[in-house]
Amino acid sequence: MKAELMALALLFAFIGFINSYVGPGAGDRATESIAFLTNNIAYPPWIDPLWQPTPEIQALLFGLQAAIGCVMLAYFLHNRKKSIDPEWD
Amino acid sequence: MHIMEGFLPHPWWEIWFALSLPVVVYGAYNINRLIKEQREALPLLAVAGAFVFVLSSLKLPSVTGSCSHPTGTGMGAILFGPGMTSVLATIVLVYQAFFLAHGGLTTLGANVFSMGIAGPFVGYLIYKASMRSGLNLYAAVFLAATMADFATYIVTSIQLALAFPASSGGALASLKAFAAIFAVTQIPLAIVEGVVTALMFKYILQARSDVLVRLKVVSPKALSDIKEATV
């Protein structure tokens, strides 16, 4: 269990790190395209997000999202060992 | 990437909401039925949801210099069909819209349609067609997950092209521009998603092949063929 928690923590940190350092998102490039294609008529957006996290907080929350999913997957994979069909071994 | 908050003007954001809502309601109804009638399949539903949670959090750099993320919806589509997968995708998209300002509440309908309905629907059809044609099970899963991911971003390009037709060339010119951004960025990520999904599917098959047969994901004959090939 300790090893699983350690792996989750490492994954959490890794995803946060990766999300902080990747280049511009495809969405950012789409924004530029919209402005270009419509001669700036259709832009900027008509409403702002309710809350705009800083890039660091955003990376952290992406990591949290991954961690929630990983905990569920790890739980299933852990139980899988108990229920595995003997015919496969 | 999802369409950001406020990107889609009136009437497009309302149209995508109207198209997505019935499918999500139908999916929720089916989940409710699954809970009552096939409780043994619930861990797999949780796995399909967790898969969407993990994969859609992975922002990865791609060949075009921009980054994007896989969707993870192919697994849900194969196991439970596009209806229930739309509910799983909606949960993830609401989380991302509220807490990450990734996607948006006004564009939720459009994002649910592309990631939760259109992509999984394509994946589901490809999986069923591949199984009928006698393709190897894992190849079918790979193909379905890859195409579910890729189709998601093709539909996103179409949604943006319809909302923002180019001053010269109209919606078709816009579609080319958006597809060049979204679809090309997505090709390597879609392939990675296909491989990861096939690997995960192998684990699920080994652990709960009985449930997969009951859900009609795998036929008993296909299952015995795979078991014979592995022994």
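**Chain A and the helix packing and core of chain B**

Read from its N terminus onward, chain A follows the pattern α-α-α. In this predicted model, the secondary structure of chain A thus amounts to 3 helices and 0 strands. Of the 89 residues in chain A, 36% are buried. The chain exposes about 5900 Å², and 69% of that area is supplied by carbon and sulfur atoms.

Turning to chain B, a helix pair offers a good place to begin. Helix 3 of chain B (residues 73-99) packs with helix 4 of chain B (residues 108-132) at an angle of about 170°, and their axes lie 8 Å apart. Because angles over 145 degrees count as roughly antiparallel, helix 3 of chain B and helix 4 of chain B are roughly antiparallel to each other. Helix 3 of chain B contributes residues including B:Thr73, B:Ala77, B:Gly81, B:Pro82, B:Ala89 and B:Val94 to the contact, while those from helix 4 of chain B include B:Leu108, B:Met115, B:Gly116, B:Pro120, B:Phe121 and B:Tyr127. By class, this contact has 14 nonpolar and 7 polar residues, with no charged residues.

B:Tyr127 appears again in the largest nonpolar core, which has 71 residues. Together with B:Phe80, B:Leu160, B:Phe201 and B:Val218, B:Tyr127 touches the most other members of this core. Helix 6 of chain B (residues 170-214) provides the largest share of the core, with 11 residues.

The surroundings of B:Val218 show how some of these residues meet. Neighbours within four places in sequence aside, B:Val218 is in contact with B:Tyr127 and B:Phe201, and also with B:Leu137, B:Leu205, B:Leu212, B:Val213 and B:Leu223.

Methods. Residues are numbered from 1 along each chain as its sequence is written. Chains are lettered from A and ligands numbered from 1 in the order in which they are written. This is a predicted model: local features need pLDDT of at least 70, side-chain atom pairs count only at pLDDT 80 or more; totals for chains, interfaces and linings use all residues. Side-chain values use heavy atoms; hydrogens and water are left out. Axes are lines fitted to C-alpha atoms, for helices over the stretch in contact, and angles run from 0 to 180 degrees between N-to-C directions. Helices (H or I, at least four residues) and strands (E, at least two) are DSSP runs, numbered from the N terminus. Angles under 35 degrees count as roughly parallel, over 145 as roughly antiparallel, 65 to 115 as roughly perpendicular and the rest as oblique. Contact means heavy atoms within 4.5 Å. Ala, Val, Leu, Ile, Met, Phe, Trp, Tyr, Cys and Pro count as nonpolar, Asp, Glu, Lys and Arg as charged, and the others, Gly among them, as polar. A nonpolar core is a set of buried Ala, Val, Leu, Ile, Met, Phe, Trp, Tyr and Cys residues joined through side-chain atoms within 4.5 Å. Buried means under 20% relative accessible area, exposed over 50%, partly exposed in between (1.4 Å probe, protein chains only). Accessible areas come from the Shrake-Rupley method with a 1.4 Å probe; for residues, only the protein chains shown count as cover.
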